[in-house]
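Biologist: Could you take me through one part of this model up close? Pick a single residue, show me what it touches, and then work outwards from there.

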Amino acid sequence: MEESDSLNNVLISNPLPDDNANQTLNNKENSNDCEPEPEESEDELERKHFQRIVNAFRSYKLHSLKRLYNSTKYISSLSPHQQDLLKGYRTHLDQVRVAIEHNYEIIKVIIKDVAHLFQNADHSEDIKVISSEVNMIDMEKVQSIFKQLYREWSVEGKDERDASFKPILDEIALRYPEDKVDKPNIQILVPGAGLGRLPYEIARRGYSCQGNEFSLFMLFASNFVLNKCQGVDIFKIYPWVHQYYNNLKSYDQVQMVRFPDVNPCDIPEKVDFSMAAGSYIEIYNNLGTN
Ligand SMILES: C[S@@+](CC[C@H](N)C(=O)[O-])C[C@H]1O[C@@H](n2cnc3c(N)ncnc32)[C@H](O)[C@@H]1O
């Protein structure tokens, strides 16, 4: 892969359909057709899967605004007196709309260069296939990317990160102390790496590290953070804007956070840092037998 515009040497090989792809793409059990359909090649499945996920990202704004529109429509159906009582809520819904529109701007940059995300696959044709069909599960995964960005790459997510990443980082420091090992020669694998913060933290401490992830939702977003973000707090997002219930205050829904809280390029030079795409079980199956 030409990585001329990549800041870290991050990515990426062996994309495998995930995210219920097989469920959706191979769902022949419900078919009434008695003729056996020709088997789709793995390549074809992968391409369709890629198209599906890109289109889920593209549908974010329309889908999220539709939910908002339903609330606005409901308020409009109330009596003038009731509507007057809900004036503040209307203003809040306006803020929700602005937040969704802003999140969509981030989505556009996340999916901008995904056609060339993988070293061993060109998806230029796939991104030209536009479809507004999207299933709820995929849409929830797109929306959850904003919460994951908050968790992994914002100042506000620090407590959550510390609770899960710190014990791992402490253990690594204990097992491979600087005075006993040549840190770049220690190779650490992080399966299920999400948006790459844990592998980044390990690499930043001087160890070589590969993150592994099989979800294209995560891989698109981690590619954006790790390869395209240069600097601190350059983007803002509204992670909770899709959460209409269980908010203590209306403001909680439209709270903004910035990311990334650290510069993702900030990795020591000698360190080998990469992300590998695909299922952990398949990619590393033969490790240890060689
Ligand atoms: C609970 S999330 C954790 C993400 C991140 N490490 C964090 O702590 O925020 C688990 C991640 O593992 C990924 N995952 C699950 N099974 C996997 C597999 N077999 N191979 C690669 N990634 C996998 C999921 O897509 C998901 O992003």
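Modeller: Let's start with Asn103: setting aside neighbours within four places in sequence, Asn103 is in contact with Phe146, Ile237, Tyr238 and Val241. Take Tyr238 from that list: Asn103 and Tyr238 are 135 residues apart along the chain, yet their C-alpha atoms are separated by 6.6 Å. Asn103 itself sits in helix H5, which covers residues 87–111. Is Asn103 buried or exposed? It has 24 C-beta neighbours inside 10 Å, and the cut-off for buried is 20 or more, so Asn103 counts as buried.

Keep in mind that this is a predicted model. The protein chain has an average pLDDT of 88, with 86% of the residues scoring at least 70. Two stretches need some care, though. Residues 1–7 have a pLDDT below 50, and beyond near neighbours in sequence that stretch has 10 contacts in the model. Over residues 20–33 the pLDDT also stays under 50, and here the model has 9 contacts beyond four places in sequence.

Now zoom out a bit. The protein chain has 11 helices and 5 strands, and 32% of its 290 residues count as buried. That Asn103 and Tyr238 pairing has plenty of company: among contacts between residues at least 6 apart in sequence, 75% join residues at least 24 apart.

Two other helices make a nice pair to look at. Helix H2 runs over residues 42–58, and at 1.5 Å a residue its 17 residues should span 24 Å; the end C-alpha atoms are 24 Å apart, so that agrees. Buried residues in H2 include Phe50, Ile53, Val54 and Phe57. Why might buried places recur along a helix like that? An α-helix has 3.6 residues a turn, so residues three or four places apart point the same way.

Helix H7, residues 158–175, has 18 residues that should span 26 Å, and its end C-alpha atoms are 24 Å apart, which agrees too. H7 does bend, by about 45° at Phe165, and Pro167 follows within four residues. None of the 18 residues of H7 is buried, so this helix lies largely in the open.

Last stop, the ligand. There are 16 residues around it, and Gly192, Gly194, Phe214, Ser215 and Tyr280 come nearest. Helix H6 (136–153), strand S2 (208–213) and helix H11 (280–283) are the elements that give two or more residues to this shell. By type, the shell divides into 7 nonpolar, 6 polar and 3 charged residues.

Terms used: Residues are numbered from 1 along each chain as its sequence is written. This is a predicted model: local features need pLDDT of at least 70, side-chain atom pairs count only at pLDDT 80 or more; totals for chains, interfaces and linings use all residues. The expected span of a helix is 1.5 Å times one less than its number of residues. The bend at a residue is the angle between axes fitted to the seven residues ending there and the seven starting there. A residue is buried if 20 or more other C-beta atoms lie within 10 Å of its own, exposed if 12 or fewer, and partly exposed in between; C-beta atoms are placed from the backbone. A residue is near a molecule or strand if its C-beta atom, placed from the backbone, lies within 6 Å of it. Ala, Val, Leu, Ile, Met, Phe, Trp, Tyr, Cys and Pro count as nonpolar, Asp, Glu, Lys and Arg as charged, and the others, Gly among them, as polar. pLDDT is the predictor's confidence in each residue, from 0 to 100. Two residues are in contact if their C-beta atoms, placed from the backbone, lie within 7 Å.
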